[in-house]
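Work through these exercises with the structure open beside you. Try each task before reading its solution.

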Amino acid sequence: MTAMRETDRPTLARDAAHQTTPYLDALRAYAANEPARLNVPGHKAGSGADRRIVRALGPAAFELDVPPLLWGVDRGPSPTPLEQALELAADAWGARRTWFLTNGASQGNQATCLALRALGSTVVVQRSVHSSVIDGLVLSGLVPRFVAPTVDAELGVAHGVTPAAVAAALAAAGDDVAAAYVVTPSYFGAVADVAGCAAAAHAAGVPLIVDEAWGAHFGFHPALPHNALRQGADVVISSTHKLAGSLTQSAMLHIGAGPFADVLEAQLERAHRALESTSASSLLYASLDAARHNLAVDGERLFGEALEAAGELRRAVREEVGLPVADAAFLRYDDVVAFDPLRVVIDTRATGLDGLQVGARLRALAGVDVEVLSRAAIVAVIGPGEQREGGRALVRGLAALPVAERPLPNWTAGATAVGTPAMSPREAFLAPTEVVPAAHAVGRISADSLATYPPGIPNVLPGEQVTADVIAALQRCVEQGGWVRGAPTGAVTHLRVVRAD
């Protein structure tokens, strides 16, 4: 089965194989045979489960919740239904091989870091990576060499990195570099130049890893950005449940067909096996199979409707509410080549309220939950399918907010202060630790990853020396309505540091 090119999207929808859901169908056939279930799980197709959860989820959820290694589902003549589902997913996203994940894209990031350790001891990594990448560094022992993303000084959000920045970081990192690791799109939908970053990485003789958690839907409609695999990325982590329609906590790990595929595939297989549950959820696997079918067969229509709804929401926010929609303005940054049109970024500073306050009022006034709440903006996500009513409810809620005489100023707290490396993340994480007052942490080595949010860039990681500037940035963030991820206390009065023996 050959990987789909961008121009082949209609062919994918007509492919007879993509009309099927082999893993889901195998589960349904197994349940329809009403087998004597003298194996796990202990709920016995729902008969042994609490009636309240059976009524809430429906009996079919329990009938299809089966253990691994069932004949005719994931065992038997090759290709088994599971192998067929994985092949189809790889074809739909343009991968050489795909793994299903039942612990989210976090599992994919951790497995990738483990796999990369065979290629080198250091990794050039975007500073605004997800915390699961830092967890992966701890697990693998890789030492990071960071590339700082652009920070939007008005909204206080991190965007991406340029190919030139990746190339410079690789040149400065030394000879034992395993890979370059970037994030795109950002939480706010900014899309980096993946093709350029891949060229920079390959020129330095290393693979490009892309955490594309927020871009699993890319490439399934001509108005959406191309996905990272089709732009030369070597490994892509895809949080399929976010906007591709699978159940929460399901995701995919893809490997491309580039020059590093042979060495990486075996390492990724080993890492995936080490981190995947031996009782992986059949329901999550089935949802991934079904999501692939939905996007491959009907993605253009579904995302076409969603794009229309997102466009209507943008117009209404600007014209009826009078608030700016900020995402198109991201293109003024050198590291941003596109933005995800399904993420509607609304600048709320004119209300005089921070994003958390805006979110609370939207829930109370209009029964609306949005995806991201920063101090200066909120992000509404329009998923596959038509969601105009939700957009109208958001507009009603926004219209009911006040207009402040003094809008909130630009957000800059915590945007530049970072720690100084003193030991590897793994060494610091595994070392004996103690919690000390923040003032006493200056000069000490952090045992935790701490990031001001917004913009979410790690200010200090395990193994980095805490500075007075870092503590001031962390505490200023909290004072201005943000929060610090990873701190042992909400007000950052104390920090966890490596114990001094």
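The largest pocket comes first. The model is predicted.

**Exercise 1. Find the space in the largest pocket and the residues nearest its centre.**

Step 1. Take the volume. About 700 Å³ of space lies in this pocket.

Step 2. Look at the wall. The lining of the largest pocket has 40 residues. His130, Ser131, Tyr187, Trp214 and Tyr453 lie nearest the centre.

Step 3. Sort the lining by class. It has 19 nonpolar, 17 polar and 4 charged residues.

Step 4. Trace the lining to helices and strands. Elements that give two or more residues to the largest pocket include α6 (104–116), α7 (131–140), β17 (450–453) and β20 (483–485). The most comes from α6, with 4 residues.

**Exercise 2. Describe the second largest pocket in the same way.**

Step 1. The second largest pocket holds about 500 Å³ of space.

Step 2. Its lining has 22 residues. Nearest the centre lie Asp74, Leu82, His272, Glu276 and Tyr285.

Step 3. Four elements are to be named here: α5, β1 (97–101), α11 (261–275) and α12 each give two or more residues to this lining. The largest share, 4 residues, comes from β1.

Step 4. By class, the lining of the second largest pocket has 11 nonpolar, 5 polar and 6 charged residues.

**Exercise 3. Which strands stand at the edges of the 7-stranded open sheet, and why is one side of each left without a neighbour?**

Step 1. Write down the order. The sheet runs β1-β10-β9-β8-β6-β2-β3, with mixed pairing.

Step 2. Read off the edges. They are β1 and β3 (143–147). Each has a single partner strand, so one side of each has no neighbour in the sheet.

Step 3. Add the twist. Neighbouring strands are turned by 20 degrees against each other on average, direction ignored.

Step 4. Zoom in on one pair. Strands β9 (residues 235–238) and β10 (residues 251–255) run antiparallel and are joined by 4 bridges. Ile237 stands opposite Leu253 in β10.

**Exercise 4. Name the strands that α6 and α9 lie across.**

Step 1. Start with α6. This helix lies across β1, β6 (177–183), β8 (208–211), β9 and β10. It runs at about 160 degrees to β6.

Step 2. Turn to helix α9 (residues 194–203). It lies across β6 and β8, at about 145 degrees to β8.

Step 3. Link back to Exercise 1. Helix α6 also gives the most residues to the lining of the largest pocket.

**Exercise 5. Are α2 and α12 parallel or oblique to each other?**

Step 1. Take the geometry. Helix α2 (residues 22–32) and helix α12 (residues 282–321) pack at about 135 degrees, with axes 7 Å apart.

Step 2. Classify the angle. An angle over 145 degrees would count as roughly antiparallel, and 65 to 115 as roughly perpendicular. The two helices are therefore oblique to each other.

Step 3. List the contact. From α2 come Pro22, Tyr23, Leu24 and Leu27. From α12 come Ser282, Tyr285, Ala286, Asp289, Ala290 and Arg292.

Step 4. Sort the contact by class. It has 7 nonpolar, 1 polar and 2 charged residues.

Step 5. Pick out Tyr285. This residue of α12 takes part in the contact with α2, and Tyr285 is also among the residues nearest the centre of the second largest pocket.

**Exercise 6. Locate Leu86 and list what it touches.**

Step 1. Leu86 lies in helix α5 (residues 81–93).

Step 2. Leave out residues up to four places away in sequence. Leu86 then touches Thr98, Trp99 and Phe100.

Step 3. Compare a distant residue. Ala422 is 336 residues from Leu86 along the chain, and their C-alpha atoms are separated by 42 Å.

**Exercise 7. Find the cis peptide bonds before Pro41 and Pro79, and the positive phi at Lys44.**

Step 1. Recall the background. Most peptide bonds are trans, and most residues other than glycine have a negative phi.

Step 2. Check the bonds. The one from Val40 to Pro41 is cis, with omega near 10 degrees. Ser78 and Pro79 are also joined by a cis bond, with omega about 5 degrees.

Step 3. Place the prolines. Pro41 is in the loop between α2 and α3 (51–57). Pro79 is in the loop between α4 (59–63) and α5.

Step 4. Check Lys44. Its phi is positive, near 50 degrees. Lys44 is found in the loop between α2 and α3.

Step 5. Look for a nearby space. Val40, Pro41 and Lys44 are among the residues that line the largest cavity. That cavity holds about 40 Å³ of space.

Key
Residues numbered from 1 in each chain as written. Predicted model: local features only at pLDDT ≥ 70, side-chain atom pairs only at ≥ 80, totals over all residues. Heavy atoms only, no water. Axes fitted to C-alpha atoms, helices over the stretch in contact; angles between N-to-C directions. Parallel < 35°, antiparallel > 145°, perpendicular 65-115°, else oblique. Contact = heavy atoms within 4.5 Å. Nonpolar A, V, L, I, M, F, W, Y, C, P; charged D, E, K, R; others polar. 1 Å grid on protein atoms, 1.4 Å probe; cavity = no way out; pocket = protein on both sides within 12 Å on 5 of 7 lines; lining within 4 Å. Points joined across faces, edges and corners; volume = space filled by probe spheres on them. Pairing = 2+ DSSP bridges.
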